[in-house]
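Work through these exercises with the coordinates open. Each has a task and a stepwise solution.

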Amino acid sequence: MNQINYKYTFLTIFFLMIFALLSLLTYSFKVSNKNDINTLSADRIKEKMFIKEKQFLSAINSYKLTLEAISHNSFFKEYINKNEKKEELQQLLIILQKALPEATQIRVLDMQGKEKIRIDKTLYGRLKEKEFFHAVAENRLQDKSKKDYYHMFRNLDSYEIGFSNIDLKTENEKIVTPKQTSLRIATIANNSKGKKSAIIIINIDIMKFFDKFKKNVLYDVMIVDKEGKFILHSDKNYGILSNTFYTFLFKDAFNKKDTSLALKEDEFSSKVFYSKKLDELNNDQDLRLVLGLKYQELAVIKQKDRDLTYLIFILLVLFLLPLIVHFSKIPDNLANKLKTQMVTDNLTNLSNKEGLLIEYKNNKDVGKIVVIIKVDNFLKVANAYGYKVANQLLKSITSFLEEYQYRDKFMELYKLDRDSFAFIYNFENIHILKQDLEKLYKDIENEEYVIKNNFRILVECTVSSSSIEPFTSISRKLQEAEIALETAHHKRSDFYIYNKNDRRAELNKNNIRLSTKVKKAIENDDILVYFQPIYNNRTGLIEKYETLVRLKYEDEIIYPDYFLPILKDIKKYKKVTKIIIQKSFEYFQYLDCEFSINLSVEDISSKEMRSYIYKKIDEYKIGNRLVIEIVESEAIENYDNFLKFIKEVKSLGCKIAIDDFGTGYSNYQYIINLNEYIDYLKIDGTLIRDIHTNRKTQLLVGTLKFLCDSLGIKTIAEYIENEAIFNYVKSMGINYSQGYYIGKPQEEVINKIEVS
């Protein structure tokens with residue numbers, strides 16, 4: 001059971017409380033924002049735009065109708081055809097102009113741009129509150145042939161309505177003061193012969209026209225041109241009449257990106273304004289009606305208040321955090337102190353065996369091995385002089401070994417038990433290792449160890465070393481060094497390097513201890529099924545998994561390399577194999593991916609096991625997703641039984657893989673003979689682990705690949721431990737990759753993950 005990390009538990013509770021308070025604060029701001037006048041305005045802005053646009057177009061339409069009425073009036077027809085009824089027409093135009101409060105002029109121009117009739121509205125009185133409408137005398141009529149709007153209007157189709165640009169009113173080429181805005185609406189009338197003969201123009205004081213619908217409690221009403229200039233604005237500080245007309249643009253009032261999009265699109269909505277193109281006003285200014293939220297400044301102030309609240313909250317958290325961290329460390333400091341005592345030898349202050357195992361947990365460093373030094377005469381010294389003197393001797397030996405540490409290739413020093421020490425040794429080659437072990441042995445035995453009162457003692461010792469096999473965990477290497485130490489004592493050697501072929505030591509120590517663990521794991525149903533992903537080099541996806549077994553004894557995970565021989569020795573191999581099949585079939589019965597189980601030739605040779613496999617495949621209906629990996633294929637003795645089994649499982653929908661191919665070469669013939677039944681061939685890791693640097697293995701694997709391609713067998717490369725191997729295997733065209741670089745065996749599968 002894992003120990004509780006009080007610091008992280010304490011901090012987790014603290015941050016959960018902070019998160020809860022922050023969520024509450026955010027929620028309150030959200031509720032407040034929902035009822036905010038600015039939010040309400042934003043929610044209704046589109047509706048208000050529709051109303052404003054309708055009002056605007058309705059007002060414009062009244063002028064269009066007036067133009068149509070004039071162009072079809074009988075007095076007007078008489079005038080343009082016979083030059084008669086002029087006075088009647090003038091009176092009619094005066095009456096119409098009075099009905100149009102924003103109209104400042106109604107004019108009739110001939111097609112050459114000369115005024116024929118002009119009706120003016122003049123303001124008089126002390127406060128200019130009275131209006132006088134009159135027809136301008138003929139001698140005061142003007143030639144408008146040079147005006148831009150004249151050239152715009154003369155090209156209109158007959159009775160088509162046209163609009164000029166909105167600009168400042170001018171008289172005699174000078175801007176009228178005080179400034180007035182002007183919009184001209186015009187149409188062309190035909191004479192009785194169907195020819196264009198007159199242009200009717202109504203001048204509108206657009207500012208007065210705009211005043212009718214610009215007022216709004218929640219919105220600023222604006223009209224902008226295609227360049228983003230405010231032609232009209234509900235704020236008198238902006239617009240064509242203001243001094244900021246050329247300097248304060250649409251982009252200055254709102255977000256530059258939003259305004260740029262608004263000027264490109266016919267209709268655009270942002271968080272703070274809504275714009276719509278006024279297609280009815282078909283002039284060169286490309287005008288847009290814009291509604292903007294009035295209370296943005298209040299919203300900004302409110303947001304600043306919220307930001308300040310968040311800042312104070314964060315500062316408060318930062319202020320409290322060091323205090324929380326300080327108090328949270330107290331339980332863990334006590335726990336760490338106890339833990340340190342557990343992994344430290346009290347006499348020498350060196351890390352003990354437990355400390356070594358923890359420090360190198362799951363470490364598989366290629367270049368490190370374990371060297372053990374045992375003081376053989378410790379008990380003799382203790383019995384002769386007492387444990388006090390013996391312990392002083394151990395301290396003196398510790399000092400010697402600490403000076404020896406980091407000399408040559410001797411690295412970390414540990415105190416294993418009462419009279420044993422261990423070095424982590426940086427292995428380079430076997431010749432140097434033998435020299436170093438011999439030298440270490442002689443140096444220790446030749447040293448005079450001084451204890452109390454200058455009493456000198458020589459010690460007797462034995463030195464042992466773990467194997468030099470790469471990719472073996474330090475815990476395993478420690479075990480090997482202990483076995484080598486026992487073997488050295490048995491053989492009466494001064495130093496000894498672990499030899500895996502030395503069965504005596506393994507049976508006397510390792511097997512007995514491991515047998516107990518294996519039995520307990522089986523009794524407690526601590527048989528764990530792990531799954532290692534297999535990567536499709538072409539699709540870039542994890543598409544299948546290999547089922548692997550682990551045994552759990554207390555908190556220790558035992559790997560197949562160690563317990564499989566024990567299982568056979570204690571006659572539990574079939575039982576464990578059945579459990580693996582049962583658990584893996586249960587796990588994958590509802591998963592949509594391939595998985596494989598490993599079967600040895602011994603399994604296939606057993607009638608009992610064959611019947612059990614057939615039964616379970618039928619029970620769980622997983623034949624079309626099951627791959628059976630044949631291990632130890634070189635050990636096939638009864639070829640007929642082997643072939644019968646393969647045909648049977650193939651008939652159930654299963655696929656066949658040959659595992660560990662490449663560890664021996666006599667199984668080539670089986671591959672050729674059985675190619676029609678074999679789906680996959682797994683190339684052994686001994687050929688893959690240095691394939692990116694070893695030309696010989698490259699040639700061999702290339703030959704295997706060519707053979708498999710020729711026979712229609714897909715290849716799987718095992719032992720993909722790093723990117724370099726992975727990339728090289730892919731470049732060779734091998735179909736699948738498996739190894740720690742792709743993914744370590746886990747108790748659960750992760751479906752369809754990609755490997756970068």
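Two strands count as paired when DSSP finds at least two bridges between them. The model is a predicted one.

**Exercise 1. The mixed sheet**

Task: Give the strand order of the open five-strand sheet with mixed pairing, and find its edges.

Solution.
1. The order reads 16-17-15-20-21.
2. An edge strand pairs on one side only; here these are strand 16 (410-417) and strand 21 (495-497).
3. From one strand to the next, the twist averages 20°.
4. Take one pair inside the sheet. Strand 15 (residues 368-375) and strand 20 (residues 461-465) are antiparallel and share five bridges.
5. Check the register: Lys374 faces Thr462 of strand 20.

**Exercise 2. Helices on the mixed sheet**

Task: Which strands does helix 12 touch, and which does helix 13 touch?

Solution.
1. Use the contact cut-off: heavy atoms within 4.5 Å.
2. Helix 12 (residues 387-404) touches strand 15, strand 16 and strand 17 (420-426).
3. The direction of helix 12 makes about 5° with that of strand 17.
4. Helix 13 (residues 430-446) also packs on the sheet, with contacts to strand 15, strand 16, strand 17, strand 20 and strand 21.
5. Against strand 20, the direction of helix 13 makes about 160°.

**Exercise 3. Testing a helix length**

Task: What span should helix 14 have, and what is the distance between its end C-alpha atoms?

Solution.
1. Helix 14 covers residues 474-491, which is 18 residues.
2. The expected span is 1.5 Å times one less than the number of residues.
3. That gives 26 Å for helix 14; the end C-alpha atoms are 25 Å apart, so the two values agree.
4. Now look at burial, with the cut-off under 20% relative accessible area. Of the 18 residues in helix 14, 13 are buried, so the helix is mostly covered.
5. Just past helix 14, Arg492 has a positive phi of about 60°.

**Exercise 4. Positive phi in loops**

Task: Where do Lys85 and Tyr159 lie, and are they buried or exposed, or in between?

Solution.
1. Start from the expectation: most residues other than glycine have a negative phi.
2. Lys85 has a positive phi, near 60°. Lys85 sits in the loop between helix 3 (74-82) and helix 4 (86-99).
3. Tyr159 has a positive phi of about 65°. Its loop runs between helix 5 (148-153) and strand 4 (162-163).
4. Partly exposed means neither under 20% nor over 50% relative accessible area. Lys85 has 37%, so it is partly exposed. Tyr159 has 28%, so it is partly exposed.

**Exercise 5. The antiparallel sheet**

Task: Describe the open five-strand sheet with antiparallel pairing, then find the helix across it.

Solution.
1. The order is 11-10-14-13-12.
2. Strand 11 (230-233) and strand 12 (267-269) are the edges.
3. The twist averages 15° from one strand to the next.
4. Strand 12 joins strand 13 (residues 273-277) through three bridges. Glu267 stands opposite Lys276 there.
5. Helix 8 (residues 256-264) lies across strand 10 (219-224), strand 12, strand 13 and strand 14 (288-293). Helix 8 runs at about 20° to strand 13.

**Exercise 6. Enclosed space**

Task: How many cavities of 30 Å³ or more does the structure hold, and what lines the largest cavity?

Solution.
1. The search finds four.
2. The largest cavity holds about 110 Å³ of space.
3. Its lining has 13 residues; closest to the centre are Arg107, Lys144, Tyr149, Thr170 and Glu171.
4. Strand 1 (103-109), strand 2 (115-124) and strand 6 (170-171) each give two or more residues to this lining.

Key: Residues numbered from 1 in each chain as written. Predicted model: local features only at pLDDT ≥ 70, side-chain atom pairs only at ≥ 80, totals over all residues. Heavy atoms only, no water. Helix = DSSP H or I, 4+ residues; strand = E, 2+ residues; numbered from the N terminus. Axes fitted to C-alpha atoms, helices over the stretch in contact; angles between N-to-C directions. Buried < 20%, exposed > 50% of the residue type's maximum accessible area, 1.4 Å probe, protein only. 1 Å grid on protein atoms, 1.4 Å probe; cavity = no way out; pocket = protein on both sides within 12 Å on 5 of 7 lines; lining within 4 Å. Points joined across faces, edges and corners; volume = space filled by probe spheres on them.
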